Amino acid sequence: MARPRLVYDDDCGFCTWCAAFARRHADVEPVGFGELSPDQRARLPEDYETCAHLLTDERVYSCGAAVERALGEINPVVGALFTALRRVPGYPSLRERLYRWGADRRDWWGKIVRKSPPA
């Protein structure tokens, strides 16, 4: 089984910082939009550049689900927490709204993380 690939916007400073954080703390392989292979691109939704994605052997997770799954790789307790949250009615739509809120403010987040390396 291949390591999950975290697909991100490599033109975005905040996204690049997040990908470096994921590489350091989770068992994922970051792949920027500019580095996608034709096979990887074919697995993504047509509008793939609107958010991050996590490619596994079995599935493609997009936007908030991708970030959730990547964060779940960092620590088993975090993964278990997200597993429990997915059973809560309304959680998936809340997760996606929170993702979009954060993604729509990438420039602002980028100014904050630019001052520190990914921990």
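In the predicted model, Cys51 and Cys63 are joined by a disulfide, with an S to S distance of 2.1 Å. A search of the whole structure returns 1 disulfide. The torsion about the S-S bond of Cys51 and Cys63 is about -75°, so this disulfide is left-handed. The pair links distant parts of the chain, 12 residues apart: Cys51 lies in the loop between α2 (38-43) and β3, whereas Cys63 lies in the loop between β4 (60-62) and α3 (64-72). A disulfide is, in general, a covalent bond between the sulfur atoms of two cysteines.

The strands β3 and β4 also belong to an open sheet of 4 strands, arranged in the order β2-β1-β3-β4 with mixed pairing. The edges of the sheet are occupied by β2 and β4, each of which has a single partner strand, so one side of each is left without a neighbour in the sheet. From one strand to the next, the twist averages 25°. Strands of a sheet pair through backbone hydrogen bonds, either parallel or antiparallel.

Both orientations involve β1. Strand β1 (residues 5-8) runs parallel to strand β2 (residues 29-32), to which it is joined by 4 bridges. Within this pairing, Leu6 has Pro30 of β2 as its bridge partner, and Val7 stands opposite Val31 in β2. Toward strand β3 (residues 53-55), β1 runs antiparallel, and 3 bridges join the two strands. Here the bridge partner of Val7 is His53 in β3. Val7 is thus placed opposite Val31 of β2 and is bridged to His53 of β3.

Helices lie across the sheet. Together with β1 and β2, helix α1 makes a right-handed β-α-β unit. Helix α1 lies across both of these strands and runs at about 170° to β1. Helix α3, by contrast, lies across β1, β3 and β4, and its direction is at about 110° to β4.

Helix α1 (residues 13-25) also packs with helix α6 (residues 106-113), at an angle of about 55° and with the axes 7 Å apart. This angle makes α1 oblique to α6. On the α1 side the contact involves Phe14, Cys15 and Trp17, which meet Arg106, Trp109, Gly110 and Val113 of α6. The residues of this contact divide into 5 nonpolar, 1 polar and 1 charged. Helix α1 therefore takes part both in the β-α-β unit with β1 and β2 and in the oblique packing with α6.

Technical notes: Residues numbered from 1 in each chain as written. Predicted model: local features only at pLDDT ≥ 70, side-chain atom pairs only at ≥ 80, totals over all residues. Heavy atoms only, no water. Axes fitted to C-alpha atoms, helices over the stretch in contact; angles between N-to-C directions. Parallel < 35°, antiparallel > 145°, perpendicular 65-115°, else oblique. Contact = heavy atoms within 4.5 Å. Nonpolar A, V, L, I, M, F, W, Y, C, P; charged D, E, K, R; others polar. Pairing = 2+ DSSP bridges. Right-handed = clockwise from strand over helix to strand, strands pointing away. Disulfide = S-S within 2.5 Å.
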